[in-house]
Amino acid sequence: MSHKIRLLLVDDQIIIREGLKSLLESKPDMQVVGDAEDGQQTLDLLHSLYNTPKQPDVILLDVRMPIMDGVAATEQICFKFPDTKVLILTTFDDDEYILKAMRFGAKGYLLKDTPSKELAAAIRAVHQGYTHMGPGLFEKAFSQSATQPVKSNIPQELLELSPRELQVLRLIATGANNREIARTLYISENTVKNHVTNILSSLGLRDRTQAALYANSFLSTLTTE
């Protein structure tokens, strides 16, 4: 039997942390291994729990906190502890917060009014490596990135993608799945999977959500055959 999903709760309000702990520990497959009230405290706790039986699998992380906010903490956590997944849980659906957190490596972004059943499902999905965003949040981040000024300095790694890989990347940016991409480009799903793997590797991205956000920052300046 697989171990319980080990959770670290980070919020500057103790009543929120206590409420989450009570809610999540009622789930048979979840265990709260610690809590923190700001980003710096979170990093210190992660260092102490690293390589112990209480090393967190998933961190539920608020955005607005003293000392170090959730976005800055996300960047540090994803860089220093890549095996630990970050799920943002906040009251703020600000476009900039969403965009930065996902670009820094957060695997999910939910609002605190998310129903408990959906929160538990999101934790399980993030633990398995999937990206999970609350209703309407991906669209907000996608829209915000699409309206940002286009950067003139196109990354060399993007220029080195093949025309076909650029086509696939454009379709990923629209939210198309592998089957839809295969149908659009008249290629097999296995070929699409290979292209997606190559794209993520070449661009140093973690998942399709990051690829979509990345694409909208640069692809409008490029043409494909």
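Where does Glu160 lie? In this predicted model, Glu160 sits in the loop between α7 (156-159) and α8. The residue is exposed, at a relative accessible area of 59%. Along the chain, Glu160 and Leu203 are 43 residues apart, yet their C-alpha atoms are 9.7 Å apart in space. That pairing is a handy way into the helices that follow, but the overall picture comes first.

The chain is built from 11 helices and 6 strands. Of its 225 residues, 48% are buried. The accessible surface adds up to about 11500 Å², and carbon and sulfur atoms account for 50% of that area. As for how the chain folds back on itself, take the contacts between residues at least 6 apart in sequence: 69% of them join residues at least 24 apart.

Next, the interior. The largest nonpolar core has 25 residues, and Leu61, Ile77, Ile88 and Tyr109 are the ones with the most contacts inside it. Several elements give two or more residues to this core, namely the strands β1 (5-10), β3 (58-61) and β4 (85-90) together with the helices α2 (39-49), α3 (70-80) and α4 (95-104). A second core, separate from this one, has 22 residues, with Leu161, Leu185, Leu200 and Leu203 among them.

Ile88 gives a feel for the surroundings of one such core residue. Setting aside neighbours within four places in sequence, Ile88 touches Leu61 and Val63, then Thr74, then Ala101, and finally a run of partners made up of Ala106, Gly108, Tyr109 and Leu110. Two of these partners, Leu61 and Tyr109, are also on the list of residues with the most contacts inside the largest core.

Leu46 offers another view of the interior. This residue belongs to helix α2, and it counts as buried because its relative accessible area is 2%, against a cut-off of 20%. Beyond its neighbours within four places in sequence, Leu46 makes contact with Leu8, Pro56, Ile59, Ile77 and Phe81. Thr84 is 38 residues away from Leu46 in sequence, with a C-alpha to C-alpha distance of 9.4 Å.

Back to the helix that follows Glu160. Of the 11 residues of α8, 8 are buried, so the helix is largely enclosed by the rest of the structure. The buried set consists of Glu165, Leu166, Gln167, Val168, Leu169, Leu171, Ile172 and Ala173, and Glu165 is a charged residue. Just after the helix, Gly175 adopts a positive phi of about 95°.

Helix α8 (residues 163-173) packs against helix α10 (residues 189-203), with the axes 10 Å apart and at an angle of about 90°. That angle makes the two helices roughly perpendicular. On the α8 side, the contact is made by Arg164, Glu165, Val168, Leu169 and Ile172, while α10 brings His195, Val196, Asn198, Ile199 and Leu203. Sorted by type, the residues of this contact come out as 6 nonpolar, 2 polar and 2 charged. Leu203, the distant sequence partner of Glu160, thus turns up in the contact with α8 and in the second core as well.

A second helix pair is worth a look. Helix α1 (residues 14-24) and helix α5 (residues 116-127) have axes that come within 11 Å and cross at roughly 80°, which means that α1 is roughly perpendicular to α5. Here α1 contributes Leu20, Leu23 and Leu24, and α5 contributes Ser116, Leu119 and Ile123. The tally for this contact is 5 nonpolar residues, 1 polar and no charged.

Finally, a word on the backbone. Most residues other than glycine have a negative phi. Ile67 is not a glycine, but has a positive phi of about 70°. This residue is in the loop between β3 and α3, and at 73% relative accessibility it counts as exposed. Tyr186 also has a positive phi, near 60°. Its place is in the loop between α9 (178-185) and α10, and the residue is exposed, with a relative accessible area of 76%.

Key:
Residues are numbered from 1 along each chain as its sequence is written. This is a predicted model: local features need pLDDT of at least 70, side-chain atom pairs count only at pLDDT 80 or more; totals for chains, interfaces and linings use all residues. Side-chain values use heavy atoms; hydrogens and water are left out. A nonpolar core is a set of buried Ala, Val, Leu, Ile, Met, Phe, Trp, Tyr and Cys residues joined through side-chain atoms within 4.5 Å. Buried means under 20% relative accessible area, exposed over 50%, partly exposed in between (1.4 Å probe, protein chains only). Helices (H or I, at least four residues) and strands (E, at least two) are DSSP runs, numbered from the N terminus. Contact means heavy atoms within 4.5 Å. Accessible areas come from the Shrake-Rupley method with a 1.4 Å probe; for residues, only the protein chains shown count as cover. Axes are lines fitted to C-alpha atoms, for helices over the stretch in contact, and angles run from 0 to 180 degrees between N-to-C directions. Angles under 35 degrees count as roughly parallel, over 145 as roughly antiparallel, 65 to 115 as roughly perpendicular and the rest as oblique.
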